Amino acid sequence: MQFLNPPVNSLSLHFLTEFAISLEKLKLYRSCRGVIITSTPPKVFSAGLDIYPEHCAEFWKAVQDAWLKLYGSTKVTIATINGSRPAGGCLLALCCDYRIMTDNRHYNIGLNEKQLGILGLLYSASESLNVSLVDELVPEDKVLNIASETTTKWLAVPDHALQINKSMMRKPTIDKLLANREADTTNFVSFFRNNLDVFQRSLTSTGK
C-alpha cells in the first residue's frame, strides 16, 4: 500500500478516509495476509496532519478510524519509512507490527507539536532505532526488499496465533478509545479551536 498525496503526503480528511476504506477492503480479502505501507513521493513518508477549522470534528473521527483499522488489523502490517515521518505519520507507523526505516541522516520521525504544548521530539534515523520508534535501519535502495523478506518471516507464524497475540496486546487500548471516542473528539475540537492561531502558523511553516 503506497501513500500518494503529493507533494508531502499530508494526512488530510480525504486521504485518511480513503486510507481507512482501503484497509477495510483489504480485510475482506483472506488471501491477503500482510500489508507493507510505504510512500510514493520521495524523501518524505508523511508530513503529518492537515487540519482545517470547518472540518475539525469530522477530521478527528477520520484519524480515529484510520488508527483503529490499522492498529486493530489482524493482518501483518509492516511500515517502510522511506522518508521523514513527523506527527501523524509517526502515529500511523507506530500502529504497525514492525517498522523499517531508511538509514539516512536527513530523515526523521517523531512528534513535533511543541508549539501546541505537546511534549515531543523529532528523532534522526539512528536515534529512532535507539528509542525503539523503529525496529530496523536499512540502506535506502534495499528498504522494500527487506520489508518483503520481513513480511515473509512474519507470515510463517500461523494466522490464528498471530491474531490471538495481537488481540491480547491491543484490544484493551482499542476498547478504551471506542469507549471514549466521543469525549476524545470533543476534547480535540476544543483544543484545536483554543489553539487555532498556533495550528495555522504550524501549517504555514510546513508548507501545507
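# Close-up views of a predicted model

**Figure 1. Ser 132 sits in the loop that runs between helix 4 and strand 9.** The model is predicted. The phi angle of Ser 132 is near 70°, a positive value in a residue that is not glycine. For comparison, most residues other than glycine have a negative phi.

**Figure 2. The whole protein is shown as a guide to the close-ups, with eight helices and nine strands.** The protein has 208 residues, and buried residues make up 45% of them. About 11200 Å² of the protein is exposed, and carbon and sulfur atoms supply 56% of that area. Among contacts between residues at least 6 apart in sequence, 72% join residues at least 24 apart.

**Figure 3. Ser 126 belongs to helix 4, which covers residues 125-130.** Is Ser 126 buried or partly exposed? Its relative accessible area is 42%, so Ser 126 is partly exposed. The side chain of Ser 126 makes a polar contact of 3.3 Å with the side chain of Ser 124. Met 101 is 25 residues away from Ser 126 in sequence, and the two C-alpha atoms are 9.5 Å apart in space. Met 101 appears again in the view of strand 6.

**Figure 4. Strand 6, residues 98-102, is mostly covered.** Five of the five residues in strand 6 are buried. Tyr 98, Ile 100 and Thr 102 point one way from the strand, while Arg 99 and Met 101 point the other way. In a regular strand, side chains alternate between the two faces of the sheet. Strand 6 runs parallel to strand 4, and four bridges join the two. In this pairing Ile 78 stands opposite Tyr 98 of strand 6. Strand 6 also runs parallel to strand 9 (residues 136-138), to which three bridges join it. There, the bridge partner of Met 101 is Leu 137 in strand 9.

**Figure 5. Thr 38 lies in strand 2, residues 34-39, and makes side-chain polar contacts with Thr 80 and Asn 82.** The relative accessibility of Thr 38 is 5%; a residue under 20% counts as buried, and therefore Thr 38 is buried. Which side chains make polar contacts with the side chain of Thr 38? One is that of Thr 80, at 3.0 Å. Another is that of Asn 82, at 3.2 Å.

**Figure 6. Leu 155 is found in helix 5, which covers residues 143-155.** The relative accessibility of Leu 155 is 24%, so the residue counts as partly exposed. Leaving aside residues up to four places away in sequence, Leu 155 touches Arg 33, Gly 34 and Val 76. Of these, Gly 34 is 121 residues from Leu 155 along the chain, yet their C-alpha atoms are separated by 7.4 Å.

**Figure 7. Helix 2 (residues 56-71) packs its buried residues against several other elements.** At 1.5 Å a residue, the 16 residues of helix 2 should span 22 Å, and the end C-alpha atoms are 22 Å apart, so the two values agree. The buried residues of helix 2 include Cys 56, Phe 59, Trp 60, Val 63, Trp 67 and Tyr 71. Also buried in helix 2 are, among others, Ala 62, Gln 64, Ala 66, Leu 68 and Leu 70. An α-helix has 3.6 residues a turn, so residues three or four places apart point the same way. Which elements do the buried residues of helix 2 pack against? The helices are helix 1 (13-28), helix 3 (88-95), helix 6 (159-179) and helix 7 (181-194). The strands are strand 2 and strand 4 (76-81).

**Figure 8. Trp 60, Phe 188 and Phe 192 are linked into a cluster by ring pairs.** The count for the model comes to four aromatic pairs. In one of them, the rings of Trp 60 and Phe 188 have their centres 4.0 Å apart and their planes at 10°, so the pair is stacked. Trp 60 lies in helix 2 and Phe 188 in helix 7, so this pair ties together parts that are 128 residues apart in sequence. Trp 60 has a relative accessibility of 17% and counts as buried. Phe 188, at 10%, also counts as buried.

Definitions and conventions
Residues numbered from 1 in each chain as written. Predicted model: local features only at pLDDT ≥ 70, side-chain atom pairs only at ≥ 80, totals over all residues. Heavy atoms only, no water. Buried < 20%, exposed > 50% of the residue type's maximum accessible area, 1.4 Å probe, protein only. Polar contact = N/O pair within 3.5 Å; in protein donor to acceptor, adjacent residues only side chain to side chain. Contact = heavy atoms within 4.5 Å. Areas by Shrake-Rupley, 256 points an atom, 1.4 Å probe, with all protein chains shown as cover. Expected span 1.5 Å × (residues − 1). Pairing = 2+ DSSP bridges. Phe/Tyr/Trp six-rings, centres within 6.5 Å; stacked < 30°, edge-to-face > 60°.
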